[in-house]
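Student: Please give me a close look at a single part of this model, namely its buried interior. I would like the answer as one connected account.

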Amino acid sequence: MEEQEFRIESDTIGPVKIPKEALWGPQTERSRNNFPSGELMPLQIVRAFLHLKKAAAESNVEVGDEPKEKGEAIEDAIDHLLALSDEELRKDFPLHVLQTGSGTQSNMNVNEVVANLANKLHPGLNILPNDDVNRGQSSNDTFPTAMNIVAVEALDKLEPAIKHLIDELVVKEKLYWKTVKVGRTHLQDATPLTFGQELSGYISALKHDLEYIQNLKPTLYELAIGGTAVGTGLNAAPGMTEKIAGKLSKVYGHEFKVDTNKFWGLAHHSGINVVHGALKTLASDMFKIAQDVRFLASGPRAGYGELNIPANEPGSSIMPGKVNPTQAEAVTMAVAKVLGNDTTISFTASQGNFEMNVFKTVMIAAFLDSCDILTGTITGFADKMIHGLTVNEERMDDLLENSLMTVTALSPHIGYHDAAKIAQAADKEGTTLKEAALKSGKVTEEQYDEWMDFMQMTNIDRSNIEE
């Protein structure tokens, strides 16, 4: 095996041995060796940093704070990096989430790689990581800026997944709008509703969740860039940050702004925290929906058996023919992760000690994880479960006919007390509700048939369908 070659570079602490072909420098190498545990820094963060550094270089040139030839060399190097695939990009960005909580080492990883590549592409300019690539910036304002950018990006991917699930549910809502079934409260029989009405509740929940996310999302457009070390903006050229915001807005298609309190931007991450609260709400609603569907599809013979779910894969290694609600299970497991991430984010958001929060890296990693797994599992749930979902109308009819709670329709005519006696008698004697009602002498057969109209009990109105 060929022995790896190294080069020696120095930082403010001293010399560091670095793999010869690596584009990174001494600070990246120190972090790579000092913090080898946990997940790697998400590449979304790396790409956001690259766009930020390019916008900063362009802006510094425009305000006269960076020589044009250096700024253009930095831009060129960044364009080369942005054109790489994720696999190729990862080779130069090897750091982990569990590093310094300010993200300083990831900021320097970007600075070092961009500077070294710029020097390779444009020899003789002597572009430096701190003085040139990081000009007018600090890790303390660049990392939270990148956090907000990637959070917005992640939401841009999640929102269509929610809309897609809503669309799939609407198809089933309309198809089964008049399919009457037993309602259930407290896990006990209740009065009838239609399956379409039941689905309309899911749809409304998801529409509200989407609205919560969209209403809260703009708080993430407020960028910390320009605060530099502690929020005062020391070493940032006048006009630079406004230009950066404009350039990033064009790249990402959102109206980012920098006219915000920088002391808040560095020490608090309220936007990440509050928006993730909306993701937690979405996750909670998804758990309820997935749980309902898998219970209603339980069986096929020893459960509720009201729904038929697609057979996506064999459900057992020992029991032939078994079908499991795997898409629902994936959703519920994702929810467990999201609720855990919410605890992480809630705690880390509270740790803004003095002028800076030092849990930035783990906070944004948790946020991105929630968005990613919700996007994937919601899409899978829509395509591989809801799309192929059908109802077992015969089973629904049987359960409805045997339900005792339809006796509620008799209450306005014979009173709550006598209606309750009929239901209790039917349950105790194992008879049908109709038999118990006729036996009570309180209801004639003609009255029973007139009043016991299941569809009428649903108060159905087609205008209730979510459009």
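Tutor: The account below begins with the nonpolar cores and then turns to individual buried residues.

The model is predicted, so local features are reported only at pLDDT of at least 70 and side-chain atom pairs only at pLDDT 80 or more, whereas totals for chains, interfaces and linings use all residues. Residues are numbered from 1 along each chain as its sequence is written, and side-chain values use heavy atoms, with hydrogens and water left out.

The domain assignment, whose bounds come from an automatic or database source, divides the protein into domain 1 (20–135), domain 2 (145–393) and domain 3 (404–462). Between the centres of domain 1 and domain 3, taken over C-alpha atoms, there are 74 Å.

The largest nonpolar core comprises 108 residues, and Ile364, Phe367 and Phe381 have the most contacts inside it. Helix H7 (residues 139–175) gives the most to this core, namely 16 residues. Residues of both domain 1 (20–135) and domain 2 (145–393) enter the core, so it lies between them. A nonpolar core is here a set of buried Ala, Val, Leu, Ile, Met, Phe, Trp, Tyr and Cys residues joined through side-chain atoms within 4.5 Å; buried means under 20% relative accessible area, exposed over 50%, and partly exposed in between (1.4 Å probe, protein chains only). Helices (H or I, at least four residues) and strands (E, at least two) are DSSP runs numbered from the N terminus. Not counting residues up to four places away in sequence, Phe381 is in contact (heavy atoms within 4.5 Å) with residues including Leu165, Met286, Ile289, Val293, Val331 and Ile386.

A second, separate core has 21 residues, among them Ala419, Ala426, Ala437 and Phe454. Ala437 belongs to helix H17 (residues 433–440), where Leu433, Ala436 and Ala437 are buried. Viewed down the axis of H17, the buried residues fall within an arc of 100° (taken from the directions from the helix axis to the C-beta atoms), so they line one face of the helix. Their cover includes helix H16 (416–429) and helix H18 (445–451). After H17 comes Gly441, with a positive phi near 80°. An unreviewed UniProt entry annotates residues 407–459 as "domain: Fumarase C C-terminal"; such annotations use the numbering given here, have shortened names and may be inferred rather than shown by experiment. This span is 70% helix and 0% strand, with its end C-alpha atoms 16 Å apart.

Burial also extends to loops. Ile225 sits in the loop between helix H8 (195–216) and helix H9 (240–252), and it counts as buried because its relative accessibility is 0%. Beyond four places in sequence, Ile225 touches residues including Leu52, Thr142, Ile244 and Val258.

Asp11, in the loop between strand S1 (6–10) and strand S2 (15–19), is buried as well, at a relative accessible area of 17%. The side chain of Asp11 makes a polar contact of 2.6 Å with the side chain of Arg30, and a polar atom of the Asp11 side chain lies 2.9 Å from the backbone nitrogen of Ile13. A polar contact is a pair of N or O atoms within 3.5 Å; within protein, one must be able to donate a hydrogen and the other to accept it, and residues adjacent in sequence count only if both atoms are side-chain atoms. Leaving aside neighbours within four places in sequence, Asp11 contacts Val16, Pro26, Gln27 and Arg30.
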